[in-house]
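Me: I would like to learn how to read a few features of a fold. Can we take them one at a time?

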Amino acid sequence: MNDAYRRISIHGVRETLLEKQAKSIGIELLKVRMPQTLSMEEYDKIMTAQMSAIKSEGINVSIFGDIFLEDIRNYRESASRRQNFKAAFPLWKKDVRELAHEFISLGFKAIVACVDGSKLSKEFVGKELDEEFIANLPQNVCPCGENGEYHTFVFDGPIFNEKIDFKINEIVEREFPANEGKKYVYHYCDLE
């Protein structure tokens, strides 16, 4: 969680919606709070402390939803090994188009909360992740958003005890500094 804004980092989804989601699914929620800006060293230090805390409760497996990004998997495996955790990747190397269609056909409902402006236009923000959404994605965009093209908030599905009600507020644009004076532009749908 971005502690300054009380939102999920990158996704921009409010903490209150995350809490409702966990309650509806029936899982315990452990939040990791991160400062607005931090280095990878600071991130690793915070995550190491959190992993140590949950390991003392008998948890020793981390499950990741990564599909094909080798560098991300390598990082997660390395970080997990340092804490004597097993890293599990149940979606690894599965067909992304099949995964997207399966998610929809199983009855999950998600709304696009944020898009990377260099990969998708702001018109995709606030749309429901459905067959029409997938069909309208540019050819170079992963149907699952694996390259960070878009992020979602899942609000209903077969594992939910009740649908999460939310309101769509304004769509906002945020710029983040990048290397060599460049900026990343993201479009967010403020969900409440």
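Me: Start with contacts. Leaving aside its neighbours within four places in sequence, which residues is Y150 in contact with?

Reply: This is a predicted model. Skip the sequence neighbours within four places, and Y150 touches V112, C114, V115, L120, L129, F133, I134, L137, C142, P143, C144 and G145.

Me: Which residues touch the most other members of the largest nonpolar core?

Reply: Y150 is one of them, along with F133, I134, L137 and F153. The core holds 26 residues. Elements giving two or more residues to it are α4 (96-105), β3 (109-116), α5 (131-135), β4 and β6. β3 gives the most, with five residues.

Me: Two cysteines were in that contact list, C142 and C144. How many disulfides are there?

Reply: General idea first. A disulfide is a covalent bond between the sulfur atoms of two cysteines. The cut-off here is 2.5 Å between the sulfurs. By this rule the count is zero. C142 is in no disulfide, and the nearest cysteine sulfur, that of C144, lies 4.9 Å away.

Me: Why is there no bond from C144 to C142?

Reply: Because the two sulfurs are 4.9 Å apart, which is too far for a bond.

Me: And are these cysteines buried or exposed?

Reply: C142 is buried, with a relative accessible area of 7%. C144 is partly exposed, at 26%.

Me: Now the helix. How do I read the sides of α4, and which of its residues are buried?

Reply: An α-helix has 3.6 residues a turn, so residues three or four places apart point the same way. In α4 the buried residues are V96, L99, A100 and I104. They sit on the same side of α4, because they cover an arc of only 130° around the axis. E98 and S105 are exposed on the other side of α4.

Me: What do the buried residues of α4 pack against?

Reply: They pack against α5.

Me: Last, the sheet. What is the strand order?

Reply: Read across the sheet, strand by strand. The order is β4-β3-β6-β5, in an open sheet of four strands with antiparallel pairing. β4 (150-156) and β5 (168-177) are the edge strands, each pairing on one side only. From one strand to the next, the twist averages 25°.

Me: How many bridges join β5 to β6?

Reply: Eight, and the two strands run antiparallel. β6 spans residues 183-191. For a landmark, find I168: it stands opposite L191 in β6.

Conventions
Residues are numbered from 1 along each chain as its sequence is written. This is a predicted model: local features need pLDDT of at least 70, side-chain atom pairs count only at pLDDT 80 or more; totals for chains, interfaces and linings use all residues. Side-chain values use heavy atoms; hydrogens and water are left out. Two strands pair if DSSP finds at least two bridges between them. Axes are lines fitted to C-alpha atoms, for helices over the stretch in contact, and angles run from 0 to 180 degrees between N-to-C directions. Buried means under 20% relative accessible area, exposed over 50%, partly exposed in between (1.4 Å probe, protein chains only). A nonpolar core is a set of buried Ala, Val, Leu, Ile, Met, Phe, Trp, Tyr and Cys residues joined through side-chain atoms within 4.5 Å. Contact means heavy atoms within 4.5 Å. The arc is that of the directions from the helix axis to the C-beta atoms.
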